[in-house]
Structures are given as C-alpha cells and as structure tokens.
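Colleague: Hi! Could you walk me through this one while I have it open?

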Amino acid sequence: MTNASLTHLRQLEAESIHIIREVVAEFEKPVMLFSIGKDSMVMLWLALKAFYPGKPPFPLLHVDTTWKFKEMIRFRDEITKKLGLECFVHTNQEAKKAGINPFDHGGRYTDIMKTDALKQALSHHQFDAAFGGARRDEERSRAKERVYSFRDASHQWDPKNQRPELWRLYNGRIAKGESIRVFPLSNWTELDVWQYIHLENIPIVPLYYAKERPVVHRDGTLIMVDDERMRLKEGEEPEMRMVRFRTLGCYPLTGAIDSSATTVPEIVHEMLTATTSERQGRVIDRDEEAAMEKKKREGYF
Amino acid sequence: MAELSMDQILAFLDRHEKKGLLRFVTIGSVDDGKSTLIGRLLYESGGVFDDQVAAVTSKNAEGKEEINFANLTDGLQAEREQGITIDVAYRYSSTEKRKFIIADTPGHVQYTRNMATGASTADAAVILIDARLGVLQQSRRHAYIANLLGIPHLLVAVNKMDLVDYGEAEFNAIRDEFQSFCDKLDFDAVSFFPVSALEGDNIVKRSERTSWWDGRPLLAHLEELEVRGSAEAQLVYPIQHVIRPDLDFRGYAGTLAAGTVRPGDEVKVLPSGKTSKVERIVTYDGDLEQAFAPMSVVLTLEDEIDISRGDVITTVENDLHISRKIDATVVWMAEQRLEPGRQYMIKHTTNLVSGAFTEVHSRVDMDTLEDQPAETLALNDVGHVTLSLNRPLVLDTYRANHVAGSFIVIDRLSNVTVGAGMIRSHGEDYQADSATVARGLTPTERAARFGQKPCVVWMTGRSGVGKIVVARALERRLFDAGHAPYVLDAARTPSIDRHAQGEAFGPLVEHAAVLLEAGLLTVVTFTSPRREDRAKARELLGADARFLEVAFDAELATCRARLQALGRDPAEAEQAYESSVDPDLVIDGDELNIEREVDRLVRVLENVGAIGI
C-alpha cells in the first residue's frame with residue numbers, strides 16, 4: 001500500500017480538510033466566504049467533511065453587491081437553510097444608497113461593492129481568518145499565493161512580505177487586528193473541481209448548466225438580462241439562447257457561453273475542448289494589465 | 001476531442017478520478033531555461049489555453065510566430081519588472097496517468113529559502129544543467145538541498161542540447177561528473193535526460209536528434225516513477241482538533257502522518273502513554289475499515305482518555321520519542337540572524353511550543369558544501385543546531401518521518417517564519433527522566449540559571465556600622481552583572497527583630513534558607529550579636545551552600561552618628577555584641593569606602609566560586 005493508492009482527488013481532499021481544521025484550531029474567529037460559486041460549494045463540502053459528525057464551527061459570509069443573479073441568491077438561501085448553517089449577508093449600504101452600479105462606475109464598482117464591502121464585514125465582525133475558494137491555477141498572479149495569505153490591519157496584501165510555507169506546517173501567528181485569508185483549494189485545478197462535484201454529487205447553482213436564457217451581445221460577450229435593471233444599449237435586443245456560465249458573479253459583468261451542456265460530464269466535455277481559460281468570462285480581468293494582482297493587493301480575492 | 005462521445009467522457013472522468021499525484025520541484029536559474037522547460041511541460045500536456053498562448057506569442061526577427069514558453073509561467077508584476085523569479089510558484093498539469101503539482105523555484109545563490117520551501121513537499125526534483133556550461137557549483141548546491149529535504153528522486157535535465165549539436169560526449173561528460181557527486185548523497189535514484197526545452201527534445205517525446213540515447217523522455221519518467229508511500233510505516237497520528245458535537249460523541253480529528261489504522265487496533269497516546277483501542281474511523285462518507293497516510297479522518301477510542309490537540313496516537317510499540325532537546329539541521333529564512341539563547345516559537349506537527357537554540361554547531365559552506373564552525377546563522381544559511389524546548393514534543397527523525405521530523409521556527413515578535421528544521425536526533429527521552437522531574441528543581445539548578453552557585457553572605461556587626469549601605473550596593477552590582485541577589489534586612493522582614501538572638505534567631509535562618517533554596521545570592525544584614533547563633537547559621541546553611549561571614553567593625557561614636565543621621569536611636573549601637581573570631585572578611589565601618597568594599601566582596605564571592613570570574 002502506497003500513496004498511489006490514494007487518488008489525486010482524495011489526496012487533495014485530505015489536504016484541504018487538514019487546512020480547514022488547522023485554521024479552526026488556531027484562530028479565534030474564522031469565517032468562510034461564500035460566493036455561491038462552484039468553488040465555494042466544494043470548499044463548503046470539504047468543511048462539512050472536516051467536522052463531521054459535528055457542523056463547521058464557523059459562519060458563512062456572503063458579500064452581496066445586490067447585482068448577483070437571482071438564482072444565486074435563491075440557491076444561497078436554500079443551501080444554508082438545508083445545512084443549518086449561519087450565513088451573514090453584507091452589502092455596502094452607503095454605496096448602495098449612493099447608487100453605485102456596474103453600468104456607471106466601471107472598475108470602481110468592484111472596488112466599492114466587493115472589496116470595500118468585504119473589508120467592512122470582516123472588520124465589523126472582527127473575523128481573524130477568512131476562508132476563500134481561490135485556486136492557484138485560476139490566474140498567473142495566483143501561482144505564488146500562499147495557503148495562508150497575510151493581511152495587515154487594513155486588509156492589505158504585500159506580495160513581497162508573505163511567509164514561506166513548508167511541509168504541512170502553517171504559521172497562524174498574527175498580531176491583534178491582523179487577519180489571514182485561507183485558500184484550502186490552492187492546489188485544485190478547474191478540472192479537479194468539476195471532477196469532485198461529479199464524484200460527490202455536490203449541488204451547484206443551475207446557472208452552470210445550459211438553459212435558454214435572455215442575453216444580449218456586448219463587447220464580444222453574452223450578458224444575461226437577469227432583471228429590469230439591465231440597461232440596454234441602443235440596438236441591443238435580448239434574445240433567448242442556450243447558454244451557461246463558467247464563473248458566476250454580478251450578472252452585468254459575467255459573460256455567458258453558448259452551450260448545450262446540462263450535466264457535469266457534459267460540462268467537462270466542453271471544458272476539455274475549450275480553448276480559452278476560465279477567467280475569460282470575467283469582465284473585470286480585462287480592465288488593465290495585472291488586474292488581479294492589483295485587486296489582490298487591495299484586499300479583493 | 002470535440003467528437004468524444006458521452007461514454008468516452010465518462011471513461012475519461014473515471015480515468016482522471018483514479019489518477020495518482022506527483023509533486024515535484026524544479027530547480028534552476030532563469031539562464032538554465034527552467035521557465036521554458038515548465039512552459040513546455042504545461043503546453044505539451046495540454047495545461048495551457050489558447051488565450052494564454054496567444055498572450056505570449058510574438059513575431060520573431062524573421063517575422064515568424066513564436067511562443068515564448070518562459071512567459072507562460074511568469075507571475076507577479078514585480079518579478080516581470082525585475083526579470084527574475086523571486087518566489088516559489090506552483091503550477092498544475094495533468095496527463096493520462098498522473099496529476100502533477102510543480103513547485104517552480106528560482107535557483108540563484110541567495111534563494112536557498114525558496115528551494116527548501118518548494119522541496120519540502122516534493123517527491124521528486126528536476127534540476128537543470130546548461131549543456132554548454134556543464135556542472136556548476138550551483139548544480140551541486142541544488143542537489144545538496146534537494147537531498148537535505150529528503151527528496152528520493154533526482155531528475156537531471158541537461159538542457160540546451162541544441163546548442164551543443166546534441167553531442168553524446170558532452171552529455172556523457174556532464175552525466176558522469178554529476179553522478180559521481182550524487183553518489184555521495186542519499187537519493188533513491190538519479191536519472192539524466194538530454195533535452196532542449198526550447199525545441200522540445202526528450203521532454204514529452206523521444207527526440208530523433210539524440211538517437212544515441214535510449215532513455216525515456218522526461219515526462220514519461222515523471223509519470224512512471226514510484227512514489228514512496230508511508231502507509232506501511234508505524235502509525236503516527238497527530239491530533240488536530242477534538243470534535244464534540246454533543247455529549248455522546250468525542251472524536252479526534254487528524255491527518256495520518258504515517259501508517260495505517262483499523263478499528264480494534266491497540267494504540268498508545270503520547271506523551272501521556274495511555275493505551276486504548278480504536279473504536280471507529282468516522283468520516284462524512286461513512287465509517288471506514290481502515291485509514292492510511294495521508295488521509296484526514298476522525299478516530300474514536302474505546303476508553304475515555306484525556307486527549308487534546310498536539311497529542312499523538314501511535315502503536316503500543318513504537319519508535320517515537322518524547323524529548324525537550326533536539327539536534328536539527330535548520331535552514332534560516334530571515335534577514336535577522338539566528339540568536340542563540342533567545343526564545344522562538346516552534347511549530348511541530350500540531351504543537352506550538354517555545355524554545356531556544358542552545359547551540360549552533362556549524363554552518364554549511366555553500367561553495368564547498370562542508371561544515372564550518374559557526375555561532376549563528378544568517379539568511380539562506382543551512383546549519384546544525386541544538387534546540388531546548390519548554391515542553392517535550394513527540395517526535396521522530398526527519399529521515400524516518402517527514403511529518404514527525406520537521407518543524408518551523410517563528411519569531412515571537414514579528415510572527416514571521418524565520419527558519420525550517422529537520423530533526424537529526426534528539427536528547428534523552430522525557431519519560432526516562434521522570435525521577436528528576438519528581439524530585440523537583442534543586443537550588444543548584446536554579447542558581448545555575450542565574451549564572452551563580454548557592455551562597456549566603458552573612459553580614460554581622462553593631463547597628464550603625466554600615467552593613468545595609470554596603471549590602472544594597474553589592475546587590476545592585478551583582479544584579480547589573482546578570483546575577484540574582486537578594487538582601488534580607490530588617491526593613492524587608494518586620495516580623496523578625498533586627499537584633500534577634502537565641503530562640504528568635506531561628507526564623508532568620510529559616511528565611512535565609514528559603515532564599516538559598518530559590519537559588520538567590522543571599523545577603524543577610526541583621527546584627528546577629530551572638531557568636532553561638534552565627535555558628536549555628538553556618539552549620540545549618542553551610543551544608544548546601546557557601547557561607548561567608550562578613551564582620552563589620554567601627555568605633556561606637558561612628559555607629560551612633562550614623563544611626564542619628566538615619567533618624568534612629570543612637571543607643572541601639574551600644575547593645576551587647578560578641579565580635580567575630582574568624583570571619584571570611586572584615587569591613588572597616590569607620591573609613592567606609594562603599595565601592596572599594598563591594599569590590600572586595602565580589603572578589604571573595606569569585607574566590608569561593610559563587611559567581612564566575
């Protein structure tokens with residue numbers, strides 16, 4: 001019997017569970033950031049496994065920009081109720097009152113409604129560790145991200161000042177006011193995530209599966225008209241198309257792809273034949289060179 | 001792949017699900033073509049999307065489209081600006097047979113820290129050697145560090161073969177020279193590959209241009225090489241977290257560091273040494289018949305034993321050690337040097353303890369790879385040290401078990417990880433030492449902590465003769481020199497008469513005895529008027545400590561005047577007093593030069609060995 005008898009997925013699973021338990025054991029007030037996406041669901045699934053037969057001893061936190069797909073919110077409420085988990089929902093109320101929206105405020109919108117809102121919520125609840133579902137394979141700037149990512153008291157990330165991580169020994173010592181972001185899925189790839197969802201039959205938001213949805217063409221992507229707040233440009237006419245989403249976020253900023261995949265194996269099939277990386281669907285990445293690195297320095301995931 | 005049927009997809013998922021995992025580290029500098037090699041591996045194994053390739057494709061001088069493989073793997077903005085790789089980057093690729101986690105580490109001299117980090121979790125190391133330059137000192141250093149971190153498989157990619165016309169002689173010369181160096185190290189296997197990362201030779205497919213070579217290409221070797229599992233080793237299960245959802249369930253969550261466990265197995269909990277039987281292996285997916293490393297599970301035991309985070313469940317007969325003293329090889333990772341004697345935090349398995357480096361034995365000269373005498377370690381140094389911990393750890397050598405044999409060193413003030421350690425051996429077992437523990441601390445042990453030996457300076461003489469001023473000055477002098485003195489005078493012990501004698505003298509001696517027991521350099525300034533009492537004190541205290549009688553002598557008028565100045569009754573000086581017969585030191589209270597008298601007292605303390613010279 002050797003390591004080889006534990007498949008790569010089970011090794012990844014064991015590593016992630018180890019990380020989640022380690023954080024719970026060493027931090028006073030952890031929270032799990034719940035974006036409602038597939039990675040979040042895998043992370044939550046691993047947390048359920050980590051503390052079974054108990055429940056994960058931390059709440060979930062969802063930063064609601066108020067522009068998420070309706071189906072995401074419905075799914076969030078259903079799954080947290082079904083699992084009996086506490087889920088804090090936080091919105092940057094001031095910005096909402098000021099009318100900050102993805103149409104008029106471009107890149108600043110994400111800063112204000114996601115990054116700032118997340119910092120507000122973390123500071124308000126005084127969480128000292130926040131689990132996030134980010135993976136290193138998502139984007140080049142994440143290849144060097146640690147599993148424990150340190151943030152100073154103002155939630156800033158300094159790429160030059162991250163701690164070396166050796167073996168399975170994570171250094172969880174922080175000063176008062178400081179916090180960490182923890183990425184238990186660091187070593188998972190997109191294919192691993194789908195494979196695991198398939199293997200474990202993990203529920204995910206139906207938006208990942210293809211369905212007839214009302215979309216418009218905009219800047220080379222398909223944007224779904226999820227509600228009446230969608231501002232149509234001149235000449236834009238919503239049309240019903242079989243589409244699905246590879247990543248989920250705020251609907252006016254998330255591109256759909258033409259697809260007929262209605263099951264996980266079909267999604268994997270599409271993925272294997274796909275020629276563009278997952279983040280292509282995210283409009284925010286294209287704002288500027290090294291966009292993610294900048295966002296990360298500022299406290300966005 | 002677009003024509004795949006659903007059956008083929010399901011078959012693919014099934015195969016992918018059953019794949020094994022190999023973690024390897026790539027070591028080499030930018031000039032060796034390491035980024036190009038990894039870019040090539042990712043590209044050829046389908047780990048790169050078109051948009052990513054497009055982003056790094058440009059027209060070359062002849063107007064031909066060319067993929068810059070090195071740019072596929074570049075990371076942070078800061079590093080792109082500097083044009084060097086400054087940190088460990090993790091890449092992922094997958095073939096039909098295996099998933100790979102690649103730790104990409106820079107190979108410059110100053111980046112031992114990054115290499116050690118990347119190597120710590122690796123099953124194999126790929127080292128690049130530039131075929132034109134041959135074996136450099138840097139190549140030896142890379143192999144040395146890979147070996148230090150216990151990596152079993154070394155793969156040597158002799159790169160840029162295209163620039164030496166794929167010459168067999170060039171390749172063989174490098175192979176023979178490097179193989180003979182590696183023979184001195186401890187790898188399970190060392191293999192060599194003539195490659196060109198730029199041209200793709202022998203990376204994924206065997207190259208026609210090296211027909212003289214009959215090996216497998218690099219990727220095929222990575223797919224096939226055998227990973228040494230630890231499931232057959234003895235059970236090592238460090239407890240991470242106790243799970244108690246309700247009063248009926250008490251489970252111990254952890255990740256198996258080594259070995260296999262089954263319900264019914266007899267186990268021992270360390271460091272307590274209590275034994276029990278495994279009742280259940282609990283998981284979300286149902287109870288298991290067995291669990292093996294590196295699975296994360298929850299165990300329940302048949303008996304109610306007090307177990308908490310940091311304890312280790314192992315077999316009844318085991319080779320683990322419980323010790324407060326470890327000899328280790330440490331890689332220093334911080335700008336601030338290692339400070340012997342200073343307290344650091346040590347994280348080992350799921351334990352966090354404090355401790356100090358009591359000794360730095362040597363550091364490795366990274367040019368000669370030989371040990372040199374050293375007193376400290378600086379950034380990127382590797383050295384041999386002894387650590388003394390404030391509480392014992394359940395440990396093993398790094399060679400026997402990477403989990404139970406490794407630790408990180410954390411700075412208590414900055415909280416930064418400043419070092420990484422691999423246990424070579426350990427001090428005496430804590431259990432074997434239990435007799436010492438039961439006895440408690442001795443005065444000698446306590447005094448040694450303060451750099452002194454148990455000693456009492458018994459000052460005697462009439463009131464007003466000057467004992468207290470001299471005693472206070474001595475106390476200050478000793479304290480400032482790092483010792484632990486204490487002056488026992490009437491002001492500090494109001495319950496004892498300052499002229500106590502006979503029966504009342506007993507409690508004074510008892511007080512002094514407690515201070516000696518605490519390991520303090522004890523100075524007594526009571527009058528002690530009777531010779532017989534002083535002799536009794538010497539007899540009682542002198543058995544376990546040095547006893548110095550210091551006689552103060554002065555004219556009555558001097559004593560009266562001094563008492564008057566202190567606002568005390570001058571008549572006290574005239575109480576009956578029996579002068580000393582054979583004191584260890586006499587101090588003249590008439591011509592009192594405090595500094596000089598303290599010098600004399602210190603000299604006497606040194607002479608009797610109470611304090612070091």
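Modeller: Happy to; we can go through some helix packing first and then some backbone details. Please keep in mind that this is a predicted model.

Colleague: Good to know. How many helices and strands are there in chain A?

Modeller: Chain A has 8 helices and 10 strands. Of its 301 residues, 63% count as buried. Among contacts in chain A with a separation of 6 or more, 73% are between residues 24 or more positions apart.

Colleague: Let's pick a residue. Where is Glu200(A)?

Modeller: Glu200(A) is in helix 6 of chain A, which covers residues 190-200.

Colleague: And is Glu200(A) buried or exposed?

Modeller: Glu200(A) counts as buried, because its relative accessibility is 11% and the cut-off for buried is under 20%.

Colleague: Which residues is Glu200(A) in contact with?

Modeller: Leaving aside neighbours within four places in sequence, Glu200(A) touches Arg10(A), Glu13(A), Trp45(A) and Lys49(A), plus Asp285(B) from the other chain. With Lys49(A) there is a side-chain to side-chain polar contact of 2.9 Å.

Colleague: What about the rest of helix 6 of chain A, how many of its residues are buried?

Modeller: That helix is mostly covered, with 9 of its 11 residues buried. Among the buried ones are Leu191(A), Asp192(A), Gln195(A) and Glu200(A).

Colleague: What do those buried residues pack against?

Modeller: Within chain A, the buried residues of helix 6 pack against helix 1 (8-26), helix 2 and helix 7 (264-273). From chain B, helix 1 (6-18) and strand 5 (98-106) pack against them too.

Colleague: Tell me about helix 2 of chain A, then. At what angle do helix 2 and helix 6 of chain A pack?

Modeller: The angle is about 55°, and the axes of helix 2 (residues 38-51) and helix 6 of chain A are 10 Å apart. The two helices are therefore oblique to each other, and their crossing is left-handed.

Colleague: Which residues meet there?

Modeller: Helix 2 of chain A brings Lys38(A), Asp39(A), Val42(A), Trp45(A), Leu46(A) and Lys49(A). Facing them from helix 6 of chain A are Glu190(A), Val193(A), Trp194(A), Tyr196(A), Ile197(A) and Glu200(A). The residues of this contact divide into 7 nonpolar, no polar and 5 charged.

Colleague: Nice. What comes after helix 6 of chain A?

Modeller: Asn201(A) follows, and its phi is positive, near 60°.

Colleague: Why point out a positive phi?

Modeller: Because most residues other than glycine have a negative phi. Gln126(A) is another one to look at, with a positive phi of about 55°. Gln126(A) is in the loop between helix 5 (106-125) and strand 4 (129-131) of chain A, and it counts as exposed at 62% relative accessibility.

Colleague: And over in chain B, what is phi of Leu369(B)?

Modeller: Phi of Leu369(B) is positive, near 60°. Leu369(B) lies in the loop between strand 19 (351-365) and strand 20 (370-373) of chain B. At 14% relative accessibility, Leu369(B) counts as buried.

Colleague: Changing topic: where is there a cis peptide bond?

Modeller: One joins Tyr52(A) and Pro53(A), with omega about 5°. Pro53(A) is in the loop between helix 2 and strand 2 (60-63) of chain A. In chain B, the peptide bond from Leu270(B) to Pro271(B) is cis as well, with omega near 10°. Pro271(B) is in the loop between strand 12 (266-270) and strand 13 (274-282) of chain B.

Notes: Residues are numbered from 1 along each chain as its sequence is written. Chains are lettered from A and ligands numbered from 1 in the order in which they are written. This is a predicted model: local features need pLDDT of at least 70, side-chain atom pairs count only at pLDDT 80 or more; totals for chains, interfaces and linings use all residues. Side-chain values use heavy atoms; hydrogens and water are left out. Helices (H or I, at least four residues) and strands (E, at least two) are DSSP runs, numbered from the N terminus. Buried means under 20% relative accessible area, exposed over 50%, partly exposed in between (1.4 Å probe, protein chains only). A polar contact is a pair of N or O atoms within 3.5 Å; within protein, one must be able to donate a hydrogen and the other to accept it, and residues adjacent in sequence count only if both atoms are side-chain atoms. Contact means heavy atoms within 4.5 Å. Axes are lines fitted to C-alpha atoms, for helices over the stretch in contact, and angles run from 0 to 180 degrees between N-to-C directions. Angles under 35 degrees count as roughly parallel, over 145 as roughly antiparallel, 65 to 115 as roughly perpendicular and the rest as oblique. A crossing is left-handed if the near helix is turned anticlockwise from the far one by less than a right angle, and right-handed if clockwise. Ala, Val, Leu, Ile, Met, Phe, Trp, Tyr, Cys and Pro count as nonpolar, Asp, Glu, Lys and Arg as charged, and the others, Gly among them, as polar.
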